[in-house]
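Please open the structure in your viewer and keep the selection panel at hand. The tour below proceeds stop by stop, saying at each one what to select and what is to be found there.

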Amino acid sequence: MRGGSGRPRKFRFVGVPYLAISITTEEATTMRRASADSLSPIPLTQLALLASIVSLAVAAPAQASQLIDRDATNVHLAVNTRGQALLTYRVGGLVRHVLGWGALNARPSGSAGSQASFKLDYSGGWGTYHRVVWRQFKDACGSYDGPKLPALVATCKAPDGSFWAVQSWKVPLPDLGFLPWLLPQKQSWLTLSHWTGPVAQLEVYTNWIYSGRFQQLFGRLTYLGRPVYGSRTSYYGAPKDAFGRLVYLDTLNAPAYGQGWRRENSFVSHKGTGAFCYGFYRFDPSTGGYAAPPGWPRHKLRGPGTGERYRLTVMGPGVTPDIRWEGPGLHRYDPSNPADVAYQAKENAILASFHDRLCRPH
């Protein structure tokens with residue numbers, strides 16, 4: 001059967017998903033087709049930073065738990081009684097002050113209108129108020145007692161009971177287990193979120209496919225019990241609205257890649273269901289839009305990226321926080337083992353319950 005277990009094709013797609021920033025050819029976004037024979041993995045390489053902080057004075061609204069900057073250090077979060085957040089941090093030897101406001105939680109996928117997104121002022125308030133707001137900013141943060149989150153840098157519980165969080169993790173790692181060879185691939189993205197109540201949830205399972213020859217990872221992305229997905233994607237599966245989400249898959253100690261965590265791939269949750277499925281196969285990094293380091297032989301296959309453990313990370317819908325799932329990999333399937341047969345039947349029943357046309361049991 002099809003549905004997330006085919007070999008995906010990719011293409012080069014240049015976009016600006018978060019800020020009005022300049023990008024180079026090598027740093028362009030690479031995306032891949034979503035079709036009935038593909039689970040639509042979508043690798044995302046790094047976008048370049050603006051050369052000048054002046055051009056970021058008041059940035060356009062973003063699409064997710066919002067990207068603020070890259071490779072930031074000494075990060076401090078302050079929130080005032082007016083619902084504004086002030087991020088102070090250092091990048092490349094410069095101290096930056098970013099004011100964010102105007103967004104909370106997320107709108108459900110499939111709804112009309114725009115997704116929740118912050119207004120951002122990279123001049124510390126000068127671009128908005130024509131005065132140096134950050135110097136007089138009065139912090140009213142209380143102790144954070146919200147949900148446990150991955151990659152936390154700073155947290156805050158605002159006077160109105162809402163939560164703010166700053167997270168940082170390596171979003172643009174190269175796919176197929178390659179170690180980064182370009183500076184943008186090594187950078188950590190700094191994101192800001194603001195929410196009340198529950199955060200998004202990743203429901204994740206593992207099983208075998210094609211008579212047990214390959215491992216598969218599948219699941220659903222939901223928020224407040226409803227699926228998270230984009231309403232529009234390109235022919236190759238690139239999200240074309242602010243509701244779509246990329247799920248990033250990492251694998252631990254994969255024999256084909258070496259020790260440690262490596263980025264295996266990324267893909268979108270499917271329209272209508274929020275479901276996703278990914279089969280661990282061998283891929284050709286020199287074709288189909290993948291990126292390979294210099295000197296990689298053409299048509300030499302890479303993988304499969306099966307490992308001891310897997311983790312999935314996704315930017316939260318709207319301006320809700322980034323979330324992560326982690327769990328063990330599978331052993332080799334044994335059709336003579338009743339436990340393996342029973343496990344496979346149970347997982348297939350779960351997958352079938354998603355009623356997703358791209359992800360169906362084998």
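A polar contact is taken here as a pair of N or O atoms within 3.5 Å, where, within protein, one atom must be able to donate a hydrogen and the other to accept it, and where residues adjacent in sequence count only if both atoms are side-chain atoms. That cut-off is needed at the first stop, and the model on which it is applied is a predicted one.

**First stop: Thr 320**

Select Thr 320, which sits in the loop between strand S18 (309-314) and strand S19 (323-328). Is this residue buried or exposed? Its relative accessibility is 0%, so Thr 320 counts as buried. Now add Pro 317 to the selection: its backbone oxygen lies 2.6 Å from a polar atom of the side chain of Thr 320. If you then display the surroundings, leaving out residues up to four places away in sequence, Thr 320 touches Ser 65, Asn 105, Ala 106, Ser 193, Trp 195 and Tyr 223.

**Second stop: strand S18 and its partners**

From the loop, move back to S18, a mostly covered strand in which five of the six residues are buried. On one pairing, six bridges join S18 to strand S15 (residues 246-252), and the two strands run antiparallel; to see a facing pair, select Leu 249 together with Leu 312 in S18, which stand opposite each other. S18 also pairs with S19, again in the antiparallel sense and over six bridges, and here the residues to select are Arg 309 and, opposite to it in S19, Pro 328. As background for reading such pairs, strands of a sheet pair through backbone hydrogen bonds, either parallel or antiparallel.

**Third stop: an open sheet of four strands**

Next, colour strands S4, S11, S10 and S9, which form an open sheet in that order, with antiparallel pairing. Strand S4 (66-70) and S9 are the edge strands, each of them pairing on one side only, and the twist from one strand to the next averages 20°. Within this sheet, select strand S10 (residues 163-169) and strand S11 (residues 189-195): they run antiparallel and are joined by seven bridges. Which residue of S11 is the bridge partner of Gln 167? The partner is Thr 191.

**Fourth stop: the two disulfides**

A search of the whole structure finds two disulfides, and, with bonded cysteines counted along the chain, they follow the pattern 1-2, 3-4. Begin with Cys 141 and Cys 156, which are joined with an S to S distance of 2.0 Å. Cys 141 lies in the loop between helix H1 (126-129) and strand S9 (152-157), whereas Cys 156 is in strand S9 itself, so the pair ties together parts that are 15 residues apart in sequence. The torsion about their S-S bond is about -110°, so this disulfide is left-handed. Cys 141 counts as partly exposed, at 28% relative accessibility, while Cys 156 counts as buried, at 0%.

Then select Cys 277 and Cys 359, whose disulfide has an S to S distance of 2.1 Å. This pair links distant parts of the chain, with Cys 277 in strand S17 (residues 275-279) and Cys 359 in the segment after helix H3 (338-353), 82 residues apart. The torsion about the S-S bond of Cys 277 and Cys 359 is about -85°, so this disulfide, too, is left-handed. Cys 277 counts as buried at 0% relative accessibility, and Cys 359 counts as buried at 2%.

**Fifth stop: Asn 207**

Select Asn 207, which belongs to strand S12 (residues 201-209) and is buried, with a relative accessible area of 0%. Its side chain and that of Asn 348 are joined by a polar contact of 3.2 Å. Beyond its neighbours within four places in sequence, Asn 207 is in contact with a number of residues, among them Phe 214, Phe 218, Leu 330, Tyr 343, Glu 347 and Leu 351.

**Last stop: the whole chain**

Finally, clear the selection and show the chain as a whole, whose secondary structure comes to three helices and 19 strands. Of its 362 residues, 56% count as buried. Among contacts with a separation of 6 or more, 62% are between residues 24 or more positions apart. With the surface displayed, the chain exposes about 15300 Å², of which carbon and sulfur atoms supply 54%.

Notes: Residues are numbered from 1 along each chain as its sequence is written. This is a predicted model: local features need pLDDT of at least 70, side-chain atom pairs count only at pLDDT 80 or more; totals for chains, interfaces and linings use all residues. Side-chain values use heavy atoms; hydrogens and water are left out. A disulfide is a pair of cysteine sulfur atoms within 2.5 Å. Buried means under 20% relative accessible area, exposed over 50%, partly exposed in between (1.4 Å probe, protein chains only). Contact means heavy atoms within 4.5 Å. Accessible areas come from the Shrake-Rupley method with a 1.4 Å probe; for residues, only the protein chains shown count as cover. Two strands pair if DSSP finds at least two bridges between them. Axes are lines fitted to C-alpha atoms, for helices over the stretch in contact, and angles run from 0 to 180 degrees between N-to-C directions.
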